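Let's take a walk through this structure together, with the model open beside the text. Keep your viewer handy, and we will go from one place to the next.

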Amino acid sequence: MKSHEQWTSKLGFILAAAGSAIGLGAIWKFPYLAGTNGGAIFFLLFIILTIFVGAPILIAEFMVGRNSQKDAVRAYQKLAPGSKWHYVGYAGVLFSFILLSFYSVVGGWILSYLWRGLTGSLTDADYGAVFGEVISNPVEVVAAQFIFMLMTIFVVKGGIQKGIERASKYMMPALFLFFIILGIRSLTLDGAMEGVRFLLYPDFSAITGETILMALGQAFFTLSVGISVMVTYASYLSNKENLTKSAFSVVGLNIFICLLAGLVIFPAVFALGFEPGEGPGLVFVVLPAVFNEMAFGGVFLVIFLILLLFATLTSAFSILEIVVAALVKDDAGRRGKISWISGLLIFMVGVPSALSFGVLSDVQIFGKSIFDFSDFLVTNLGLPIGALFISLFVAYRLPRELVKEELNKGTKGLGILFDIWYAAIRYIAPVGIVLVFLSSLGII
Ligand code: PHE
């Protein structure tokens, strides 16, 4: 049977798109990147690049997906027949593959923490030592990563509506609520203000080309743009919805959750005597310590880890979905098999990343561990370059009228807003991406 599913409601789509966007990027990566890249200045650059470069590209991906009603590869084939543009889709599929291979490793760490939280070994512990243990035990990391991939495969093989949409509807709001409660606890710790200052008062002298590239990669990473994930998600959307408005909701929620994550982590870092530049372990070391300062902290930590797991899973679903959708090609009968095969292959490719904090820690690629190298490859090269091509495709290859008509659907007419976006996608986004690359290479 050939059929292309649709989201059941507008809220379902926004939640699923926000579910893809909000995940480890905002909650795990943002705090540690801000911590190692000057705090507030990184946050400021991230917000600017999210609004002026990331958001316009998010709208462009939505436009391509909904207009074509096709997966990442066939979307470009349909809109630009006979051209090579669909390689942008293939590149998206390939980078999604690598992305999920290390994303699932961190998903596995969350499962390990959950296990420890349930068995009570996270109360009054040495949290630095716990993290070291979690990431370095070869059997545990690989087993945990495997379980995380199994969970992802189970939902994705069931198809977008039944699986992804239903799960997102309840877990996302719960996660927000929890973050707000945590923020209040963290901000009322003694010495919390220093953390607030670290996150919100920028030191402009700390800007480097490298910081800007990291902020750009992070902007794309948290919005899930650059590898056509949002093309795939928007292809399940009906013509009634207003794409621009949906994009604004996703961008707004995303910046808000980064802010919340920062306001939970940094006050606690300074109040409890941790180091902001701790690296990938930051959230895993600091959060249990914050919970330890709360009444019923042990129980709350477990609930929080379950919500974090869900946020991570909803992003993982979207990453596996693009790979599966591109291979299934609307032939629903093949979905189950293809989900299993691609999910298990991704797991295998990810094993070296999982081991790179322990037995493979001596293996270096361009001076980085396997895990860091995969992350760098996707976040700082794959996403920005993919985003560049998507902006060029929509701005220069597609007829302006077609684009305009698509974005006007479900609205009373975007008016001047369309012209502003069109200028952003035509000039600001591509020029911005190229400039950031040049400056990170030290050329300008
Ligand atoms: N946006 C997700 C996160 O922040 C990661 C992601 C990137 C998902 C790119 C899909 C595509 O965790």
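Four helices each give at least two residues to the shell around the ligand: α1 (10-21), α2 (24-36), α10 (209-223) and α14 (297-328). Please keep in mind that this is a predicted model. The ligand is surrounded by 15 residues, and the closest are G23, G25, S224, V229 and S315. What is the make-up of this shell by class? It has 8 nonpolar and 7 polar residues, and no charged residues.

Let's stay with α1, one of the helices that supply the shell. This helix has 12 residues, and the distance from its first C-alpha to its last is 17 Å. At 1.5 Å a residue you would expect 16 Å, so α1 comes close to the expected span. Is α1 largely enclosed or largely open to the outside? It is largely enclosed by the rest of the structure, because 10 of its 12 residues are buried. If you would like to select them in your viewer, the buried residues are G12, F13, I14, L15, A16, A17, A18, G19, S20 and A21.

Helix α1 also packs against helix α12, which covers residues 243-271. Their axes are 9 Å apart, and the angle between them is about 40 degrees. That angle makes α1 oblique to α12, because it falls outside the range under 35 degrees that counts as roughly parallel. As for the hand of the crossing between α1 and α12, it is right-handed.

One of the buried residues of α1, L15, leads us to another part of the chain. K169 and L15 are 154 residues apart in sequence, yet their C-alpha atoms are 6.4 Å apart in space. K169 sits in helix α8, residues 160-187. With 15 other C-beta atoms within 10 Å, K169 is partly exposed.

Now for some backbone geometry. Most residues other than glycine have a negative phi. S224 has a phi near 60 degrees, a positive value, and it is not a glycine. You have met this residue already, as S224 is among the closest to the ligand. It is found in the loop between α10 and α11 (229-234). Is S224 buried or exposed? It is buried, because 31 other C-beta atoms lie within 10 Å, and 20 or more are enough for that label.

D124 also has a positive phi, of about 50 degrees, although it is not a glycine. Look for D124 in the loop between α5 (86-118) and α6 (127-136). D124 counts as exposed, because it has 11 C-beta neighbours inside 10 Å.

A few more pairs take us further along the chain. L287 is in helix α13, residues 282-292, and it is buried, with 26 other C-beta atoms within 10 Å. From L287 to L301 there are 14 residues in sequence and 8.3 Å in space, C-alpha to C-alpha.

L381 belongs to helix α16, residues 370-397. This leucine counts as partly exposed, with 15 C-beta neighbours inside 10 Å. L381 and A316 are 65 residues apart along the chain, and their C-alpha atoms are separated by 20 Å.

Our last stop is S440, in helix α18, residues 416-440. S440 has 20 C-beta neighbours inside 10 Å and so counts as buried; the label asks for 20 or more. Which distance separates S440 and G209 in space? Their C-alpha atoms are 4.1 Å apart, while 231 residues separate S440 and G209 in sequence. The range of α10 runs 209-223, so this pair brings us back to a helix that supplies the shell around the ligand.

Notes:
Residues numbered from 1 in each chain as written. Predicted model: local features only at pLDDT ≥ 70, side-chain atom pairs only at ≥ 80, totals over all residues. Near = placed C-beta within 6 Å. Nonpolar A, V, L, I, M, F, W, Y, C, P; charged D, E, K, R; others polar. Axes fitted to C-alpha atoms, helices over the stretch in contact; angles between N-to-C directions. Parallel < 35°, antiparallel > 145°, perpendicular 65-115°, else oblique. Left-handed = near helix turned anticlockwise from the far one by under 90°.
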